[in-house]
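Here are some notes to read alongside the structure, for someone meeting it fresh. Keep the view open and work through the points in order.

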2 protein chains.
Amino acid sequence: MLKRDAVARQALDAIAAIVGSRWVRQAPAELETFASDGLPTRHTRPGAVILPGSRDELIRTVRVLAHQGIPFVARGAGTGLSGGAVGDGGEVVLALTRLNRILAIDPANRRATVEPGVVNVRLSEATRPHGLHYAPDPSSQTACTIGGNVAENAGGPHCLKYGVTSSHVLELEVVLPDGKSLVLGSAGGEAWGPDLVGVFVGSEGTFGIATRITVRLVPLPRAVRTLLADFASIRQASEAVSGVIASGLVPAALEMMDRNCVRVVEDSIYAAGYPTDAAAVLIVELDGVAEAAVAAEAAEVERLVRAHGARGVRAAADERERARLWQGRKKAFGALGRLSPNLLVQDAVVPRTALPDILDRVGAIAAEFGVTVSNVFHAGDGNLHPNISFDARDPQEVTRVERASAAIMQACVAAGGTITGEHGVGSDKVHYMPLVFDPDTLAAMRAVRRAFDPAELANPGKVVPVHACREWTGLSGRRRETVRDGERRREIERVEA
Amino acid sequence: MLKRDAVARQALDAIAAIVGSRWVRQAPAELETFASDGLPTRHTRPGAVILPGSRDELIRTVRVLAHQGIPFVARGAGTGLSGGAVGDGGEVVLALTRLNRILAIDPANRRATVEPGVVNVRLSEATRPHGLHYAPDPSSQTACTIGGNVAENAGGPHCLKYGVTSSHVLELEVVLPDGKSLVLGSAGGEAWGPDLVGVFVGSEGTFGIATRITVRLVPLPRAVRTLLADFASIRQASEAVSGVIASGLVPAALEMMDRNCVRVVEDSIYAAGYPTDAAAVLIVELDGVAEAAVAAEAAEVERLVRAHGARGVRAAADERERARLWQGRKKAFGALGRLSPNLLVQDAVVPRTALPDILDRVGAIAAEFGVTVSNVFHAGDGNLHPNISFDARDPQEVTRVERASAAIMQACVAAGGTITGEHGVGSDKVHYMPLVFDPDTLAAMRAVRRAFDPAELANPGKVVPVHACREWTGLSGRRRETVRDGERRREIERVEA
């Protein structure tokens, strides 16, 4: 039930008058639908779910919530993997899937304006006749919404060359948590002064809600080469990744899948012809305008991966084979469902030079905690996805999964990396934030958030841990602090008097 | 003299004890040196100039200023073109040129950490032995500092392919205006949560001072082709630019110079062999890893520019000729000094599809106001630099220059562009901000600034016009407001009761 029930009932009545009562959902089975997103370890029912039918209805709804001081969580398709679209229970969820109109496509200036509920792949479908597409391509792109992508600053395989969501958003019309509507950035040019679009993208719904999103479109590449390279060891595959990147080449995508992933994909309807005896495979895609240029780069990649021990390199013969190679990669998360009822898709970053060692370390952590880890990830930018298979009905197994996750995070940070590359902090990573940010920096993040949302009504409790370090360790009487030690950050533990 | 003299004298004594009295400058001739930057229409003497010798001295100096509530302006080499490093008179200037150490170069992870006073080109010189360079290359790169680049989010010719400063900054250690030291971002990976590095870069010194800057390094390209194409009309050259960009090719750089620029360069010691009978020339550079790939792209560019009417296309035969072509381009601003005692280097952006028309319009504005405009600019990203030659000793001419500038800004905004691409808002553009942002958005910028600097001590009066619209028109009883009109912004004028 909603917090502050009488006030809340009044607010919901007012909102029902705005959006229509059928778009205010409160039945337990309905609330259950919105109690989770793609993070299997988080499950809390909202107090109510509102599905506004237009930008105007959304803004008026936010104004009612603001007036009554009721916290809310904006939600797209619920495909997020960090629990960012799930509250801590009792909030109002604003589900934006009905705001799904593409408002404008401007092929000459290569931009489009969409409502937040537009599904990612729909925009590329709509712009394809103009020879353009929307480049960020999360694996969930057939379901996830561009509004959710903006909230989490989503990535995808082709973000290696083209950049993550923040590189593609030009202008945002947003509604702040107090109901005020505001335009950030500029569709017509680069940002200047404080980059409010940049700070809004990736703020995980804690700064307000994007009501209209103007994005860059990118020309469809005229020439493409997609290579599949297979390796007898994960270490060789990692070293090949480092070798390609060190050469200065920027492939459109450079993905790695380990044996577990290859095998579940090949056992599934998404079988892509990956060699099932490989310890790891790489998918390397080169694209560009001039056919001869792309062919020359592909030849250079083939030379490099063979020099690093690739057993075989196969180029997709045609668009159909290319689509098949990619479908296997993008559906790997689904295929991993063959191994267990639940899958925790982890997300972390390491410097690319640390890839060979960190994959060994992840393997050791899996063995230590007795969990199954499968790796399918954006190797080209050092963005790991160590996926842990488990059964959420077994509480002891859940504990082992959470401990293994924490160990992986700590290992990545120790290797000079960070706790998320593209899935966001959400509720899953909030307690890891003090691993990489000191209390002052976290306070600065919170201060900026409060410039947009003084009452902290929008997705409360996300991104910045309110009790910072104390919350992290959970040890009473002890504080863990991150301090600067020369050029590095170091963790210290303080026992309080 | 400093505002609030007694307090200020006390503060300067305390600062002299920190930095040494020879690094506190107050003699009129010394202050005069810091009364301008690269914007010729702004000249105001600071109250005092402090030149701290280390990060520690800088932080302690800021603490003294904060304690006494004394406003300050941080300054690098003073090459900025928007008056961003010049106060409104009486502030303390913190000149950071002594903080010029490269603290760390990490070739394996392709990053470097520098102090803010490191000269841009010095970093690339230091990293060249590792096959790496710092990509953002403002024309002033032999003088400007990386701290100043961070403040203004500086660009440069090669930012077309490689991105402006904000794409290259990984982590910032900053001192906030209250003296607190803070780390923003992460050297080890991508940003997540609110992107505090992104919002700090380009905040023009109004959020605090970067004390240590960790940047990305980019591999030196192994293969380069530099083409010079010449045209009988500016319109054809502009259409060629649009044609190259429309093809999907991303040259490393795509620069245009008009006849005025070509001629002054050819008359100077930087003569580069540009054809002096051309109405405009383009410099197009392609770079990459595979020689054959770059050659194929260069051939495609040549085909495209010829199809758009290029009279001739010449490829630099060797590194020496390439350097000469670039030197002419980068020294064009200096060479324009041949035309007049002063030069206003303007900066605006239009959608690339609007380039042909806007250059006609700029020509018409020059004729209308009787000023000489020379164009040398980053055509590939639609970033104009219409440079106005004038004599600052003639007040009537200065007025004409300012009116022509305003007309150019309005034309660019009307064409769907913005008021600055890379030089920042500074003091020159602050009154144009309401042309592109409505009062609520400006208020949001100010709110974010106040999260970092509640007392507004850091570079006061920059970026966000405090009286917003009222300041813009200067019409008493009238307000100009920018409103949304469907997908576009429109200006309206309101007469207040």
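1. A word on confidence to start with: pLDDT is the predictor's confidence in each residue, from 0 to 100. You'll want that in mind, since this is a predicted model. Chain A averages a pLDDT of 90, and 92% of its residues score at least 70. For the complex, the predictor gives an ipTM of 0.81 and a pTM of 0.87.

2. One stretch deserves caution. Over residues 468-497 of chain A, pLDDT stays under 50. The model still has 61 contacts beyond four places in sequence for that stretch.

3. Now for the two chains together. How are chain A and chain B superposed? A rotation of 180° does it, with 0.0 Å of shift along the axis and an RMSD of 0.0 Å. The two copies are therefore related as by a two-fold rotation axis. If you'd like a landmark, look for A:Ala293: in chain A, its C-alpha is the nearest to the axis, at 1.7 Å. Both copies use the same surface, too, as 100% of the contact residues of chain A recur in chain B.

4. Next, the domains. The assignment splits chain A into domain 1 (5-95), domain 2 (102-219), domain 3 (223-334) and domain 4 (339-497). Between the C-alpha centres of domain 1 and domain 3 of chain A there are 42 Å.

5. Helix H16 of chain A is a good one to zoom in on. It covers residues 439-452, 14 residues in total. From first C-alpha to last it reaches 20 Å, close to the 20 Å expected at 1.5 Å a residue. Which residues of H16(A) are buried? They are A:Thr441, A:Leu442, A:Ala444, A:Met445, A:Val448, A:Arg449 and A:Phe452. Looking down the axis of H16(A), you find the buried residues within an arc of 155°, so they line one face of the helix.

6. Over in chain B, try two loop residues. B:Arg22 sits in the loop between helix H1 (5-19) and strand S1 (24-25). Is B:Arg22 buried or exposed? With 59% relative accessibility, B:Arg22 counts as exposed, because the cut-off for that is over 50%. Its C-alpha is separated by 9.2 Å from that of B:Ile50, and the two residues are 28 apart along the chain.

7. B:Ala35 is the other one, in the loop between helix H2 (28-33) and strand S2 (48-50) of chain B. Here the relative accessible area is 0%, so B:Ala35 is buried. What is B:Ala35 in contact with, leaving aside neighbours within four places in sequence? The list is B:Arg42, B:His43, B:Thr44, B:Arg45, B:Pro46 and B:Val86. By contrast, the C-alpha atoms of B:Ala35 and B:Asp287 are separated by 41 Å, with their positions 252 residues apart along the chain.

8. Last, a couple of backbone angles to check. B:Arg110 has a positive phi of about 55° although it is not a glycine. You'll find B:Arg110 in the loop between strand S5 (102-106) and strand S6 (111-114) of chain B, and at 15% relative accessibility it counts as buried. B:Val463 isn't a glycine either, yet its phi is positive, at about 70°. That residue, B:Val463, belongs to the loop between helix H16 (439-452) and helix H17 (468-473) of chain B. B:Val463 counts as buried as well, at 2% relative accessibility.

Notes
Residues are numbered from 1 along each chain as its sequence is written. Chains are lettered from A and ligands numbered from 1 in the order in which they are written. This is a predicted model: local features need pLDDT of at least 70, side-chain atom pairs count only at pLDDT 80 or more; totals for chains, interfaces and linings use all residues. Side-chain values use heavy atoms; hydrogens and water are left out. Copies are superposed by least squares on the C-alpha atoms of residues with pLDDT of at least 70 in both. Contact means heavy atoms within 4.5 Å. Helices (H or I, at least four residues) and strands (E, at least two) are DSSP runs, numbered from the N terminus. The expected span of a helix is 1.5 Å times one less than its number of residues. Buried means under 20% relative accessible area, exposed over 50%, partly exposed in between (1.4 Å probe, protein chains only). The arc is that of the directions from the helix axis to the C-beta atoms. Domain bounds come from an automatic or database domain assignment.
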